[in-house]
Amino acid sequence: MNKQHFDILTIGAGLSGIGTAVHLHREHPQRSMAIIERRERLGGTWDLFRYPGIRSDSDMASFGYGFKPWNSDKVLADGDSIRNYIGETAEEYGLLDKIHYGLQITESNWSSKQQLWQITAKHTATGETRHYTCNFLINCSGYFNHDEGFRPQFPGEEIFTGQIIHPQQWPENLDYAGKRVLIIGSGATAITLVPTMAKTAGHITMLQRSPSYIFALPNTDKIAISLRKLLPAKAAFKVIRSRNILFQRALYLACRRWPEKMRKMLLKHVEKRIGDDVDINHFSPKYMPWDERLCVVPDGDLFTALKEKRATIVTDHIETFTNEGVRLKSGKEISADIIVSATGLKLQMMGGMELKIDDKPMPLNEQMTYKGALIQNVPNFMWVFGYTNAPWTLKSEIAGRYLCNLLSYMDANNLASATPRDSGINITDDGILDSLQSGYVQRDKDCLPRQGLTGPWKVLMHYGKDKKMLVDQPINDGLLEFEATHGVDQFNAKTPQFS
């Protein structure tokens with residue numbers, strides 16, 4: 001059987017996968033490494049989604065890599081720019097020839113006897129099965145199903161004579177110029193599609209069952225531009241990045257501590273943008289801020305499209321599809337040539353692969369995360385899961401730094417494996433995202449790992465505390481069970497000094 005062996009195998013060549021690989025390449029250049037990517041191109045999410053206007057919903061100074069400054073004057077970035085940024089990073093650090101494309105990992109099995117991972121992958125273009133082994137496995141495949149999004153079946157949709165599409169499977173070269181477009185949804189995808197498509201469509205209608213909190217963000221950072229003129233590039237980037245991280249954290253904490261006051265502030269912000277032309281009830285959610293993610297619109301482009309009558313927002317429920325569009329429960333009918341079902345994602349852990357320990361299934365939803373980076377009872381395995389209340393990449397960066405320190409510790413002590421073990425009874429029935437009320441989380445939350453009561457088993461979603469826990473605290477905290485190379489005492493480990 002043809003097998004390839006690597007010291008480290010990373011699953012996913014997106015923003016997290018490439019960023020983590022850079023940390024490992026810089027700190028452990030002597031280790032052999034490969035990156036397994038299911039798609040035929042790098043970029044992950046930013047290669048998959050191709051709908052009009054696709055962009056980041058976090059500022060790029062904090063969403064990008066800390067080791068590679070984002071120097072554009074634009075605060076938010078379009079999908080092509082982010083994909084190019086990931087590609088430039090991979091090329092700069094010599095990672096392009098380490099990526100194996102078109103491979104879907106179906107099974108990962110840890111062999112205690114061999115002290116390594118046995119990986120089975122399917123080459124999607126040929127159907128060929130390929131096998132890999134590695135000492136340490138890193139999963140950077142994200143948290144949603146790349147094959148299909150959440151697409152509810154609407155009554156009567158089979159009689160609709162137009163086109164129904166989901167943003168995750170956007171048709172190439174879709175012509176919507178001059179056409180009536182109905183977008184179903186109120187999340188980040190919908191509010192991105194509306195102003196972009198409204199530039200050329202005949203008219204856009206955004207139909208929502210319930211509103212989301214939306215606020216406008218200037219898409220040109222004038223302070224950042226000034227800082228770049230006054231300071232050296234690296235110093236300016238450090239100041240801009242730190243400022244943005246602190247602002248985001250302060251906004252989140254304010255929403256959780258003073259929800260009523262922040263609700264009033266956010267709604268007042270919208271009122272100033274839309275004036276008297278649009279009913280503020282379309283922007284007044286029933287939930288409190290940050291029970292779901294806040295949605296950002298650059299330069300208030302959504303509000304502009306609504307005020308200029310190029311787009312309309314409707315809050316109602318669908319009763320049935322018709323030949324010409326949809327009929328709502330209020331009795332109103334909306335005509336459309338194209339209907340976009342911007343109805344969200346389907347959660348999927350680890351790209352759908354099966355995780356096993358010595359040929360026995362290890363369900364992820366029965367284990368806790370350790371420091372939000374490793375998985376309870378799973379040896380030599382890191383699962384990169386970013387923030388939901390801050391830029392995703394902030395967490396993947398410090399998780400990558402933690403892994404580098406962990407590997408250095410294991411090298412210094414001749415250790416073959418590290419496995420998080422719960423010495424008490426910390427596990428709860430709560431998943432790691434149960435507090436987030438977003439529909440895609442609540443629909444599939446049972447597939448997520450469990451939340452612990454205390455310590456490193458509790459998911460904090462707090463960059464400052466996580467950074468201290470992952471980067472500053474000692475590796476050997478008594479909760480990691482180390483196994484030495486066969487025949488070597490595993491309990492004589494000494495903590496090395498890290499700079």
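In this predicted model, Cys 140 counts as buried, because its relative accessibility is 8%, which lies under the 20% that sets the limit for a buried residue. Cys 140 takes part in no disulfide, and the nearest cysteine sulfur, which belongs to Cys 404, is 12 Å away, whereas a disulfide requires two cysteine sulfur atoms within 2.5 Å. Cys 255 is likewise buried, with a relative accessible area of 1%, and the nearest cysteine sulfur to Cys 255, that of Cys 295, is 13 Å away, leaving Cys 255 in no disulfide. A search of the whole structure finds 0 disulfides.

From the cysteines we can turn to the nonpolar interior. The largest nonpolar core has 129 residues, and those with the most contacts inside it are Ile 18, Trp 117, Ile 183, Phe 283, Phe 381 and Leu 406. Helix 10, which spans residues 392-412, gives this core its largest share, 11 residues. Beyond its neighbours within four places in sequence, Phe 283 is in contact with several residues, among them Pro 211, Leu 267, Ile 274, Phe 303 and Ile 313. A second, separate core of 15 residues includes Tyr 213, Leu 251, Tyr 252 and Ala 254.

The structure also has pockets, and the second largest pocket has a volume of about 1,100 Å³. This pocket is lined by 42 residues, of which Glu 397, Ile 398, Arg 401, Tyr 463 and Lys 467 are the closest to its centre. Helix 1, helix 7, helix 10 and helix 12 each supply at least two residues of this lining, and the largest share, 10 residues, comes from helix 7. By character, the lining divides into 19 nonpolar, 13 polar and 10 charged residues.

Technical notes. Residues are numbered from 1 along each chain as its sequence is written. This is a predicted model: local features need pLDDT of at least 70, side-chain atom pairs count only at pLDDT 80 or more; totals for chains, interfaces and linings use all residues. Side-chain values use heavy atoms; hydrogens and water are left out. Buried means under 20% relative accessible area, exposed over 50%, partly exposed in between (1.4 Å probe, protein chains only). A nonpolar core is a set of buried Ala, Val, Leu, Ile, Met, Phe, Trp, Tyr and Cys residues joined through side-chain atoms within 4.5 Å. Helices (H or I, at least four residues) and strands (E, at least two) are DSSP runs, numbered from the N terminus. Contact means heavy atoms within 4.5 Å. On a 1 Å grid over the protein atoms alone, a cavity is a set of points where a 1.4 Å probe fits but cannot get out, and a pocket is an open set with protein on both sides within 12 Å along at least five of seven lines; lining residues have an atom within 4 Å of a point. Grid points are joined across faces, edges and corners, and a volume is the space filled by probe spheres set on the points. Ala, Val, Leu, Ile, Met, Phe, Trp, Tyr, Cys and Pro count as nonpolar, Asp, Glu, Lys and Arg as charged, and the others, Gly among them, as polar.
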